[in-house]
Amino acid sequence: MSLSGFARSSFAALLTILILSFVQVSAQKKDSIASKPVKLLDESQIPFLVTKIETYNFKIDRDKFLLQRGYDVSRIEKTMPDIIKKVKGFKTRFEKNGTNMNLRSLNSAVIMLSEVSDNLQSYKATLKEYVSQLNKSNADLNKMLNDKTLRCNVADSTLKTQLVEILADGNKLNLAEKKVLAKINLLSSRISVNLLQTKNLSSDMVYLSISKKINMWSQEEAPLFKAKPSQYESSLFEIVVKAFERSGRILIIYLGGKISVIILSLLIFGLLTAWMISNMRRVKKLEDVESILAQVNFLKRSVLASSIFAFFTYLPFLFANPTMSLLHTIEIFRIAALCFLIQPFLTKESKFIWFSLVALWVFYVVDDILLDSAFGERWWLFIAGILLIFLCVKIIQNKTKLFVGLEASPATKALVVFTIVQVSLSLIFNLTGRLSLAKIFGVSAVQCLMLGITLKVFCTMVLEAIYLQTEAYQSSRFSDFINYKELQFRLQRYLWVIASVVFFVSFVRNITLYDLLTTSTSNFFNEIRSIGSYKFTFASIAIFICIIWLSSIISSFISFFFGHEKAVSGGKRSGLNSMMLLIRLAIWTVGFFIAVAAAGIPIDKLSIMLGALGVGIGFGLQNIVNNLVSGVIIAFERPIQIGDQIEIGTKSGVVKEIGVRSSKIHSAEGSDIIVPNGDLLSQHLINWTMQDRSKRVEFNISVPYDTDIEIARKLIADKLAKNEKVLPIPRPVIILQDFGEYAISIRTLLWVADLSIAGEVRTEAMNDVKTVLTEAGINLQVRPLS
C-alpha cells in the first residue's frame, strides 16, 4: 500500500471514531436529561396553568373551525379547470388564426381575457390573504407548542391528561395547517402561471390590434373591380357559418361570468315593468282616461313591449365592457321591439324606408362579426352602401312627415347627413381595397342612424312614463307639488344631454377608437399637475365639481317637487318650504364635505381657503352672510311660511318662496318682490295668516240724529247674520263710533273666514246694510241735505 493510501485510510478511521464518540456522548447526555426528574409544579402556579390551558384550547378550537370553514378554496378549484381551458383555447386560436383575426375579433378576445384576468387577480388576492392568515396562525401555534409550561410535571392526573391532549391536538393542527398551506400555495402557483399567460396573450392581441389599425389605412386587398373569387380561400356562406358559431361561443363564455349582472338587469326590468303597468291600470280607472292616453303613444301601444325596448336600451350600460357579439345580440331584440312599437305610426312610404333600414342593419351586423373576408362579402357591402345612401336621400327629400302622430326631431337631417358621409367613406375604402375601413364605417353608419332613432324613442318613452305617474296619482298629496310641463322641460334637456353623450361614445366604439378614448381620457384626468407646492389632478377637480353639481341638482329637484305654486294659488299656508330649506342646506353642506373628501383636498389647504373666505366676509360679504344666516333662522323659527299674507315696510303680498339668501313675495298687483332674509328679521313684520286666515273687516255709516239707533243696529245685525260669508263667531259688532256735526257715525265690524275674500264680503255687507236701512226709511247722511 502506498503512503498516501495509508494516510487516507488512517484519516477515515480517525473520523469514524470521532463521530461514534460524539453520538455516544450525545446519547448519554440525552439519557441524563431524560432521566433527570422534572421539578414538580408549585401549587401557586396551578391557576396560571389552568388559565393558559383554557386559552390554548380556545385557540386550537378556533383554528380548527377556521381551517374547516374559513379557508374554503373549493369554488376556486372548481372554476380553475374552465379558466385553464379558456386560456388554452384563446392561445391555440391566436397561434393558429391570429394574423387572420379582424379588429372586432381581437377586441372581443381582449375583453374576455380581461374578464379572466380580473377573476384570477381576485382569486390570487383571496389566496394571498389565506396564506397570510395561515402563516400567522401557524406561528402562534408553534409558539404555543414550544411553551415549556406545557411540559411541566403536575400532580393532578386530570391536568396532566389535559396537557398531553393539548400537545397532541396542537401537533395535529400544525400538520393540518401545513397541508392546507401547501395546497393553497400550489393553487396560487397555478393561478399565477395562468395569470401570466393571460396577460401575455392579451398584450400580444393588443399589439396585433394596434398593428392592424396602422396597416388598415394601406391597401389590404385588391380593388373591388379587380378582385377575383380565386383570391379568397372561403365562400361567403362558409365564413358566415363560422362567424355565428364563434359568436355563440363568445356569448356563452362572456355571459357565464356575468350572472350577477344578468340577475340585476332582470330585477330592474321587473321593477320598471311593474311600475309602468301599475300606473297604466290606475289611469284606465280614471274618468278622463281618453284625454290622458291621448298624450301617450308608445306606452299606450304596449307597456310590456315598451319595457322590453327600454330594457335592451339600457342593458349594455350594465356591462362594463361588453363584446361586440353581445352588443349585436342585444340590438337585435331592441330593434324587434322598436319595430312593433313604431309600426302604427309609419306612413306607407316610411314603412318601406324603415324596414329597408332594418334589413340593411341586419346585413351590416352579420358582416361585422365575420372573421375572414370573401369575394361575395365585398360586393354585398358595396350594394348595401349604395342602398343606404339611397334611403338617406329619400328621407331628406321627403316633404311629408315620416311618422304619424309623433313629433319630428330637429336632429333628423343632421343625423342622416352624418350617415351619408360615413357610407360614402365605406364605399371609397371598399373600392380601393381597404376592407377593414369599409366595414368599420359601413357598420358605424347604419348603427348611428338606428341608435339615433332608438334614443329619440327612449327619451319620449321616459317622459311618457313620468306623465302617466303624475296622472295616475293626480289626487295624491305628492302630485299636488308636481308641475308636469315644467318637469318635462327640465328632464328633456337632461335626457338629450345624456343621449348625446351615449351617441358619441357609441360612435367612437364603432370606429374602434374606444380604447384610445378611454386611455387618453384617463391619462388627461389622472396626470399629476402642480401649482406651486400644491399638486392636483383634473380627476380630483372633476370629482369635486360633479359632486357639487349633483348636490345642486338634488337640491333643485327637491325645491321643484315640493314647490309652492299650488299652495300659493290655493291660499293654503304650508310649512313644507321651511323643512325643504333645511334639507337643501344639509344637502349642500354634506355635498361640499363629500366633494372635499373625494377630491382629496388636504385639510390644511381647506383651512387656508376658509380663512381667506373669513377675511372676505369681514370686508365685503357681511350682508350676504347675514342673509344666509337669517334664512337658516327663518327655517327654524318659521315666522313666515309659504302662502302667508304678510306686510313688511311698504310691501305686502303672499309669501311665494323662502330661499337660502332671499324670499319671494307675490304682490296683489301681480309682481314678485325679492326681499333679503335679513330684512324679514330686522324690520317689523306683519303676518296676517300666522294663526289662521280669518280677517276682520269694518266700515262706517252715518245716520241722521232723529234715527232710532237701536232699530238701526238690529236691522244691520239681522241682515249680516243672513250672509253666509260672514262668520257667526266672532259675531258682527255694531257700535256707535261718534256724534258728528251733522250725523251719528255707526261702526260695523265683522269677520270673514279667508282674507282673500275680505274685500268682496265687505262690499256685499255694505250694500246689504244700505238696502235694509233704505227699506226701513233710514237714510244715510253725512251733512244736511240742501
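Colleague: Among contacts in the chain between residues at least 6 apart in sequence, what share joins residues at least 24 apart?
Modeller: First, this is a predicted model: local features need pLDDT of at least 70, side-chain atom pairs count only at pLDDT 80 or more, and totals for chains, interfaces and linings use all residues. Residues are numbered from 1 along each chain as its sequence is written, and side-chain values use heavy atoms, with hydrogens and water left out. Contact just means heavy atoms within 4.5 Å. Counting contacts between residues at least 6 apart, the share that joins residues at least 24 apart is 77%.

Colleague: How many helices and strands does the chain have?
Modeller: Helices (H or I, at least four residues) and strands (E, at least two) are DSSP runs, numbered from the N terminus. Going by that, the chain has 25 helices and 10 strands.

Colleague: What percentage of the 786 residues count as buried?
Modeller: Buried means under 20% relative accessible area, exposed means over 50%, and partly exposed is in between (1.4 Å probe, protein chains only). Of the 786 residues in the chain, the buried ones make up 40%.

Colleague: Which residues have the most contacts inside the largest nonpolar core?
Modeller: A nonpolar core is a set of buried Ala, Val, Leu, Ile, Met, Phe, Trp, Tyr and Cys residues joined through side-chain atoms within 4.5 Å. The largest one here has 90 residues, and the ones with the most contacts inside it are Trp 354 and Leu 388.

Colleague: Which helix gives that core its largest share?
Modeller: The largest share is 18 residues. They come from the helix spanning residues 435–472, α15.

Colleague: How many residues are in the second, separate core?
Modeller: Among its members are Ile 76, Met 80, Leu 141 and Leu 173. The count for this second core is 36 residues.

Colleague: Where does Leu 326 sit, and is this residue buried or exposed?
Modeller: Leu 326 is found in helix α11. Leaving out residues up to four places away in sequence, Leu 326 touches Leu 251, Tyr 254, Leu 255 and Phe 319. With Tyr 254, which is 72 residues away along the chain, the C-alpha separation is 8.5 Å. Leu 326 has a relative accessibility of 5%, so this α11 residue counts as buried.

Colleague: How many aromatic pairs are there?
Modeller: Rings of Phe, Tyr and Trp (its six-membered ring) pair if their centres lie within 6.5 Å; planes under 30 degrees apart count as stacked, over 60 as edge-to-face and the rest as tilted. By this rule, the count of aromatic pairs is 17.

Colleague: Phe 312 and Phe 333 form one such pair: what is the angle between the planes?
Modeller: The two rings are 5.2 Å centre to centre, and the pair is stacked. Phe 312 lies in helix α10 (residues 303–314) and Phe 333 in helix α11 (residues 324–342), so the pair ties together parts that are 21 residues apart in sequence. Phe 312 is buried at 14%, whereas Phe 333 is partly exposed at 46%. The angle between the planes of Phe 312 and Phe 333 is 15°.

Colleague: Which kind of pair do Phe 363 and Tyr 364 make?
Modeller: Tyr 364 is buried at 0% relative accessibility, while Phe 363 is partly exposed at 23%. Their ring centres are 5.5 Å apart and their planes are at 70°, so the pair is edge-to-face.

Colleague: What is the strand order in the open sheet of 5 strands?
Modeller: Two strands pair if DSSP finds at least two bridges between them. The pairing in this sheet is antiparallel, and the order is β6-β5-β4-β3-β7.

Colleague: Which strands are at the edges?
Modeller: An edge strand pairs on one side only. That fits two strands, at residues 672–676 and 685–687: β6 and β7.

Colleague: Which residue in β7 is the bridge partner of Ile 646?
Modeller: Strand β3 (residues 645–648) and β7 are antiparallel partners over 3 bridges. In β7, Ile 646 is matched with Asn 687.

Colleague: And which residue takes a positive phi in the hairpin of β3 and β4?
Modeller: β3 pairs with β4 (residues 651–658) over 4 bridges, again antiparallel, and Glu 647 stands opposite Ser 652 in β4. The hairpin has 2 residues between the strands, and the one with a positive phi, near 65°, is Gly 649.

Colleague: How many residues are between β4 and β5 in their hairpin?
Modeller: β4 and β5 (residues 662–666) run antiparallel and are joined by 4 bridges. Val 655 has Ile 665 in β5 as its bridge partner. Between β4 and β5, the hairpin has 3 residues.
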